[in-house]
Amino acid sequence: MPGSLRIAIVGGGIGGLTAALALRARGLEVRVFEQAEVLREIGAGVSVHPNAARLLKRVGFEEQLQKIGSPISAAVLRTSQGDLITVRDGSATPALAEGDLGYNVHRADLLNLLFDALPKGTVALGHRCVQLKEEDDRVRLSFANGVAAEADVVIGADGIRSVVQREIGLQSRPTSERIMAYRGLIPAERLPWAPDLKGTHFWLGSGRSFLLYPVAQGRLINMVAFVPTDTDSEESWSAPGDLKALAAEYAGWDRPVQDTINSLDETFRWGIYDRAPLPYWSTDRITLMGDAAHPMVPHVGQGAGQSIEDGFTLAVLLEGCTAKDVADRLDLYEVIRRERTSKVQALARAAGQLYRSEHDTPAEMAARLREWAAQRKWVFEHDAEKVAADALSNRPR
Ligand SMILES: Cc1cc2nc3c(=O)[nH]c(=O)nc-3n(C[C@H](O)[C@H](O)[C@H](O)COP(=O)(O)OP(=O)(O)OC[C@H]3O[C@@H](n4cnc5c(N)ncnc54)[C@H](O)[C@@H]3O)c2cc1C
């Protein structure tokens, strides 16, 4: 595509690969540089709620999402002893009532899906970006393997330890939420009730929350168990956890909670850290997206979703853009996305506090959860492409 913008994406996670697909769908030239030598199967369940699923469906992934995912149809919340607190079904949210569903997926399945949909050669594996040099008319990228590249625009999709963030003079400081999560995947055949498990199931009590949902078309059950901690746990996706310590945290809880823990072969520890919104995301030719721009605590399952929204927003804004317009388009991107993602970050923080609250009766908890669920409709109903297209046509010229 001679004459078109050369776009480089640093990081081939969910955000980077989605951005590449969305940009290509609008005829833009893009290369992704990913540090991993091979696509790794690390990670467990991630939620792709309707705000993100509808964007992926528009670029042709509807069938594949149904194939790899389990629909997020309802959420059932119980006390630690199994008494029902409340059931949140989709009918309260118009978008969901119309069948505009989201999906819980295994992160590796989604990554494979996105990777396979890109033409060979789009993603350069084994390329760890170590330096960016921004010049008037280009950005030069250097990689740890000695390779160099240049681009008109660089998108930093390189996650919570972003090198691109550092290269544009930013540093995001994590603060511990004083909780950690145990995570695990259990083959569904080990749990007799697993075939009937639809949507997301929560158990709440004593400052802890335990959640289960099916992924991989119900073949696996994803577990996340949040517990209080005084020590700073590693912010890792692969640090091994202690099954005995996990069992002790949930001793005496409802039967399915204990059955699940007893069925695990292994568990992973994940320290939960929060970060304040960054003061800016972009320079003239470089910007950030996904966790590199707005990492958030996981309590509303929007980490993947917000990165998908970023990718589609960038595609709308960069379509038809010449090299001299890049700085203006990145400004607009930042204005649109910083406002929304800061609100989602705050919502996720508040959700964590709500799930951990210790003093409510089940009825008080149900009322607070209903009020909270009603408030978060704006997250699911958002159409990132429409918002970007409207902002582009309404901008002052
Ligand atoms: C290994 C892994 C496992 C995860 N597992 C889960 C999970 O089970 N549940 C969940 O909710 N969320 C998980 N997440 C986080 C979740 O994927 C993100 O919150 C969300 O999808 C936003 O994605 P992102 O693309 O912005 O960042 P990420 O998913 O973190 O992707 C960033 C990508 O950038 C690459 N990268 C980093 N630095 C460089 C560099 N200098 N040069 C080139 N490439 C670089 C990384 O290897 C990675 O592929 C995981 C993330 C990772 C990296």
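## A buried serine and the chain around it

S172 counts as buried, with 20 C-beta neighbours inside 10 Å. The cut-offs behind that word are these: a residue is buried if 20 or more other C-beta atoms lie within 10 Å of its own, exposed if 12 or fewer, and partly exposed in between, with C-beta atoms placed from the backbone. The model is predicted, and local features need pLDDT of at least 70, while side-chain atom pairs count only at pLDDT 80 or more and totals for chains, interfaces and linings use all residues. Residues are numbered from 1 along each chain as its sequence is written.

S172 sits in the loop between α5 (163–167) and β13 (175–187). Such labels follow DSSP runs, numbered from the N terminus: helices are H or I runs of at least four residues, and strands are E runs of at least two. Apart from neighbours within four places in sequence, S172 is in contact with Q165, R275, L278 and P295. Contact here means that the C-beta atoms of two residues, placed from the backbone, lie within 7 Å. L125 is 47 residues away from S172 along the chain, and the C-alpha atoms of the two are separated by 26 Å.

From this one residue we can turn to the whole chain. Its secondary structure comes to twelve helices and 19 strands. The radius of gyration is 21 Å, close to the 21 Å that the globule rule gives for 397 residues, so the chain is as compact as a globular protein of that length. That radius is taken over C-alpha atoms, and the globule rule is 2.2 Å times the number of residues to the power 0.38. Along its principal axes, the C-alpha trace spans about 65 × 45 × 35 Å. Of the 397 residues, 46% count as buried. Among contacts between residues at least 6 apart in sequence, 76% join residues at least 24 apart.

Next come the sheets. One is an open sheet of five strands in the order β8-β2-β1-β12-β19, with parallel pairing. At its edges stand β8 (123–124) and β19 (286–288); each has a single partner strand, so one side of each is left without a neighbour in the sheet. Two strands pair if DSSP finds at least two bridges between them. Strand β1 (residues 6–10) and strand β12 (residues 153–156) run parallel and are joined by four bridges. Within this pair, I7 stands opposite V153 in β12.

Another open sheet has three strands in the order β9-β10-β11, and its pairing is antiparallel. Here β9 (129–134) and β11 (148–151) are at the edges, each with a single partner strand, so one side of each is left without a neighbour in the sheet. From one strand to the next, the twist averages 20 degrees. The axes used for such angles are lines fitted to C-alpha atoms (for helices over the stretch in contact), and angles run from 0 to 180 degrees between N-to-C directions. Five bridges pair β9 with strand β10 (residues 139–143) in the antiparallel sense, and C129 stands opposite F143 in β10. Between β10 and β11 there are four bridges, also antiparallel, and S142 stands opposite A148 in β11. The two strands β10 and β11 form a hairpin with four residues between them, and G146 in the turn has a positive phi of about 95 degrees.

Positive phi also occurs at residues other than glycine. S206, which is not a glycine, has a positive phi of about 45 degrees. S206 lies in the loop between β14 (200–205) and β15 (208–215) and is partly exposed, with 14 other C-beta atoms within 10 Å. Q217 has a positive phi near 55 degrees. The loop between β15 and β16 (220–228) holds Q217, which counts as partly exposed with 15 C-beta neighbours inside 10 Å.

For an exposed residue, look at A363 in helix α10 (residues 362–375). A363 has 10 other C-beta atoms within 10 Å. Its C-alpha atom is separated by 48 Å from that of R329, 34 residues apart along the chain.

Last is the ligand. Of the 30 residues around the ligand, G11, G13, G43, G159 and G290 come nearest. Two elements, α1 (14–25) and α8 (303–318), give two or more residues to this shell. A residue is near a molecule or strand if its C-beta atom, placed from the backbone, lies within 6 Å of it. By class, the shell has 14 nonpolar, eleven polar and five charged residues. Ala, Val, Leu, Ile, Met, Phe, Trp, Tyr, Cys and Pro count as nonpolar, Asp, Glu, Lys and Arg as charged, and the others, Gly among them, as polar.
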